[in-house]
Amino acid sequence: MSVKGQGAFMSFIFCNKHVLAQRLGYSPHTLKAIRQRGDWLEGIHYIRPNGNSRVIRYNLEICLNWLANQNNPNAHQRAIERYLMSLEGEKLRKAKKVISYT
């Protein structure tokens, strides 16, 4: 089951381990191993919604980019930077809305 987020994650789809495993051609256990060895970063490649340590949602676009660019870390870093900039841009848009209402 994929989850399309709101706000900061509007253009990014977060999904559970079964969807990501199917898209990458890996097992859910392999996804956990990738996280544990530090190849994926929390807050970028995956999140824990509401601080729940048992629930993990994967950033589908960033994880697919990671797979495609394993031999080109600079290209993957650019994708990460685009993602982080989209988060920053959303914070600024929300701040402008709050300021305009006061």
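**Group meeting: salt bridges, cores and helix packing in a predicted model**

Good morning. I begin with the pairing of E42 and R48, which form a salt bridge whose closest N and O atoms are 3.2 Å apart. Please bear in mind throughout that this is a predicted model. Both partners are partly exposed: E42 has a relative accessibility of 47%, and R48 has one of 26%.

How many salt bridges does the structure hold? There are two. The other joins R37 to D39, with the closest N and O atoms 2.5 Å apart. Here R37 is exposed, at a relative accessible area of 54%, whereas D39 is partly exposed, at 31%. As a general remark, side chains of opposite charge can pair when their charged atoms come close.

I turn now to the nonpolar interior. The largest nonpolar core has 14 residues, and the members touching the most others are C15, L20, L31, W40 and Y58. Which elements give two or more residues to this core? They are the helices α1, residues 17–24, α2, residues 28–36, and α3, residues 60–68. Of these, α1 supplies the largest share, namely four residues. Apart from this core there is a second, separate one of nine residues, and F12, I44, I47 and I80 are among its members. In soluble globular proteins, nonpolar side chains tend to be buried together.

W40 deserves a closer look. Setting aside neighbours within four places in sequence, W40 is in contact with L20, L24, L31, I34, R35, H45, Y46, Y58, C63 and W66. Three of the residues named earlier as touching the most other core members, L20, L31 and Y58, therefore appear in that list.

Next, the packing of α1 against α3. Their axes come within 11 Å and cross at roughly 30°. Because angles under 35 degrees count as roughly parallel, α1 and α3 are described as roughly parallel to each other. The crossing of α1 past α3 is right-handed. On the α1 side the contact is made by L20, R23 and L24, and on the α3 side by L60, C63, L64 and L67.

Just before α3 comes a residue of strand β4, which spans residues 57–59: this is N59. Is N59 buried or exposed? N59 is buried, with a relative accessibility of 0%. Not counting residues up to four places away in sequence, N59 touches F12, I13, F14, I44, H45, Y46 and Y83. Two of these, F12 and I44, belong to the second core.

N50 offers a contrast in accessibility. N50 lies in the loop between β3, residues 46–47, and β4, and counts as exposed at 84% relative accessibility. The backbone of N50 is also notable for its phi near 55°, a positive value in a residue other than glycine.

I close with H76, in helix α4, which covers residues 73–101. H76 is buried, with a relative accessible area of 8%. Which residues does H76 contact, once neighbours within four places in sequence are left aside? They are H45, I62, N65, W66 and N69. H45 is also on the contact lists of N59 and W40. Finally, H76 and L64 are 12 residues apart in sequence, and their C-alpha atoms are 9.8 Å apart in space. Thank you; I welcome discussion.

Note on methods: Residues are numbered from 1 along each chain as its sequence is written. This is a predicted model: local features need pLDDT of at least 70, side-chain atom pairs count only at pLDDT 80 or more; totals for chains, interfaces and linings use all residues. Side-chain values use heavy atoms; hydrogens and water are left out. A salt bridge is a side-chain nitrogen of Lys or Arg within 4 Å of a carboxyl oxygen of Asp or Glu. Buried means under 20% relative accessible area, exposed over 50%, partly exposed in between (1.4 Å probe, protein chains only). Contact means heavy atoms within 4.5 Å. A nonpolar core is a set of buried Ala, Val, Leu, Ile, Met, Phe, Trp, Tyr and Cys residues joined through side-chain atoms within 4.5 Å. Axes are lines fitted to C-alpha atoms, for helices over the stretch in contact, and angles run from 0 to 180 degrees between N-to-C directions. Angles under 35 degrees count as roughly parallel, over 145 as roughly antiparallel, 65 to 115 as roughly perpendicular and the rest as oblique. A crossing is left-handed if the near helix is turned anticlockwise from the far one by less than a right angle, and right-handed if clockwise.
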